[in-house]
Amino acid sequence: MTGGPRVYGYRWAVLAAFMAVNVTIQLLWISYAPVTHAAGRYYGVSEVAVGALAMTFMVVYVPMSLPASYLIDRRGLRFASGLGGLLAGVAGLVRGLAGADYLLVLLATIAMAVAQPFLLNAWTTLSVHWFHRSQRATAVGLITLANLVGTGIGMALTPALVKSMSIGSVQTVYGGCALAAGVVFVLVARDNPPTAPDTELAEGRALMLDGLRHAVKVRPFLIFLGMAFVAMGVFNGVSTWVEEIVRPRGFSATDAGNLGALLLLGGVIGAVVLSALSDRFQRRAPFLGLAFVVAAPALLAVALVDSTLGLFGAAFVLGFFMTSAMPVGLQYAAEITAPTPEGTSNGLVQLVGQASVVMVYLMALTRTSSGSFLPSLGVLAGLLLVGGIVAFRLPEPADHLTPSVVLPATVAEPL
């Protein structure tokens with residue numbers, strides 16, 4: 001079956017299945033953060049060792065990102081992301097069944113971390129292959145929403161579950177959910193629709209290595225990579241150390257879980273709103289600038305306020321603006337680097353973001369004697385403000401691209 005550009009209702013089924021595996025990988029990643037003390041007692045290790053389970057995802061991502069992008073571009077969405085989803089589920093079950101054996105838990109976590117880039121690096125691949133360009137930021141926004149929901153569930157649900165279940169039992173439940181989501185994705189997903197959603201088709205994209213060489217020569221993309229490093233450093237740092245950030249001010253583990261949940265609730269709402277507005281106006285840079293500029297004072301508030309209401313309000317605002325910038329930014333990266341394959345540009349952004357594990361580690365090292373994270377969070381707030389100012393000066397993809405990189409219309413292969 002061939003024909004002109006057309007969108008299919010089945011794209012929503014593929015998107016929903018992909019969102020499900022993204023929910024579960026985030027759930028597996030963050031589930032120890034709100035119960036750091038309890039997990040340390042359960043495994044008989046330090047709080048830093050528990051934090052290392054989350055940081056493992058970021059460390060492993062760095063060497064695995066480009067191989068994952070290569071497999072996504074060469075073997076397609078279903079094979080590569082299906083492999084990632086199934087691996088994450090199996091490793092999640094192993095981590096739960098390992099009980100209090102920290103070494104086995106760490107090894108299972110490393111396996112999950114290997115699976116992660118096969119999911120994170122495919123966001124824009126799905127949006128470009130299945131959605132018209134007028135809906136792509138929205139599609140990536142919904143995937144971002146799924147990631148935030150997964151993180152939010154882990155933040156809010158885990159403290160409640162460990163009151164009636166062991167840490168190992170909770171991890172078994174989460175691993176089972178991840179495996180089920182992986183199986184569903186493999187059954188539902190397809191690489192491409194019968195005909196392309198518009199004239200810009202995956203078959204016309206550059207080969208991965210050629211696209212990589214092109215992407216690293218695009219100055220606006222390199223600037224955005226610096227912005228992504230800061231934003232992901234903030235998100236990963238606050239998520240990893242959430243309990244430790246608020247505990248010196250007298251807040252409980254439940255408060256920390258609620259803060260994380262509100263951070264992500266704001267991100268969920270913002271991802272939908274900002275992505276839809278970006279698609280509606282076909283503008284990316286102004287929304288990125290706004291998000292970064294507003295997020296800066298919100299991050300400072302998270303570091304400073306002593307009232308529960310103020311803390312929760314600041315977390316919501318931070319999530320709404322900073323976290324929701326991700327889908328707009330990923331689509332900007334995919335568009336500004338055309339004809340680089342989406343999996344490659346997406347993978348580079350995610351790679352730089354996960355390299356922010358350096359920031360996460362430095363946050364722990366620069367705590368004050370009272371346990372405050374204010375020094376590092378203050379510096380990060382300043383970097384967010386600078387990033388926002390720079391973002392307002394970024395060119396829009398439509399203004400930046402030259403006719404030499406505009407691709408001719410072709411027809412996708414049938415299913």
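**Getting to know a helical chain**

Trainee: What radius of gyration does the protein chain have?
Mentor: Start with the length: for 415 residues, a compact globule would have a radius of gyration near 22 Å. Keep in mind that we're looking at a predicted model. The protein chain agrees with that expectation, as its own radius of gyration is 20 Å.

Trainee: And how far does the C-alpha trace span along its principal axes?
Mentor: There are three axes to give here, and the values are approximate. For the C-alpha trace of the protein chain, the spans are about 60 × 45 × 35 Å.

Trainee: How many helices and how many strands does the chain have?
Mentor: Let's take the strands first: the count is zero. As for helices, the protein chain has 20. Put together, that's zero strands and 20 helices.

Trainee: What share of the residues counts as buried?
Mentor: A residue is called buried when its relative accessible area is under 20%. Applied to the 415 residues of the protein chain, that gives a buried share of 58%.

Trainee: Of the contacts between residues at least 6 apart in sequence, what share joins residues at least 24 apart?
Mentor: Contact here is about heavy atoms within 4.5 Å. Take the contacts in the protein chain between residues at least 6 apart, then pick those that join residues at least 24 apart, and you get 87%.

Trainee: Now some single residues. Is Ser81 buried or exposed?
Mentor: Ser81 lies in helix H4, which covers residues 77-97. Beyond residues up to four places away in sequence, Ser81 touches Phe18, Phe118, Leu119, Ala122 and Phe185. Its relative accessibility is 0%, so Ser81 counts as buried.

Trainee: Which residue has its backbone oxygen 2.8 Å from a polar atom of the Ser81 side chain?
Mentor: One of the residues that Ser81 touches is the one you want. The backbone oxygen at 2.8 Å from that side-chain polar atom belongs to Phe118.

Trainee: Ala88 is in helix H4 too. How far is its C-alpha from that of Gly175?
Mentor: Ala88 counts as buried because its relative accessibility is 3%, and its contacts include Ile25, Leu28 and Ala178. Along the chain, Ala88 and Gly175 are 87 residues apart. In space, their C-alpha atoms are separated by 7.7 Å.

Trainee: Where does Ser324 lie?
Mentor: With 0% relative accessibility, Ser324 counts as buried. Leaving aside neighbours within four places, its contacts include Gly267, Gly270 and Ala271. Ser324 also lies 9.4 Å from Leu148, C-alpha to C-alpha, although the two are 176 residues apart in sequence. Its place is the loop between helix H15 (308-323) and helix H16 (325-336).

Trainee: What about Gln282: which value does its phi take?
Mentor: Gln282 lies in the loop between helix H13 (253-281) and helix H14 (285-304). With a relative accessible area of 41%, Gln282 is partly exposed. Although Gln282 is not a glycine, its phi is positive, at about 50°.

Trainee: Last one: which residues does Thr109 touch, not counting those up to four places away in sequence?
Mentor: Thr109 is found in helix H5, residues 102-115. A relative accessibility of 0% is why Thr109 counts as buried. The residues that Thr109 touches are Leu53, Thr56, Phe57 and Arg95.

Technical notes: Residues numbered from 1 in each chain as written. Predicted model: local features only at pLDDT ≥ 70, side-chain atom pairs only at ≥ 80, totals over all residues. Heavy atoms only, no water. Helix = DSSP H or I, 4+ residues; strand = E, 2+ residues; numbered from the N terminus. Rg over C-alpha atoms; globule rule 2.2 N^0.38 Å. Buried < 20%, exposed > 50% of the residue type's maximum accessible area, 1.4 Å probe, protein only. Polar contact = N/O pair within 3.5 Å; in protein donor to acceptor, adjacent residues only side chain to side chain.
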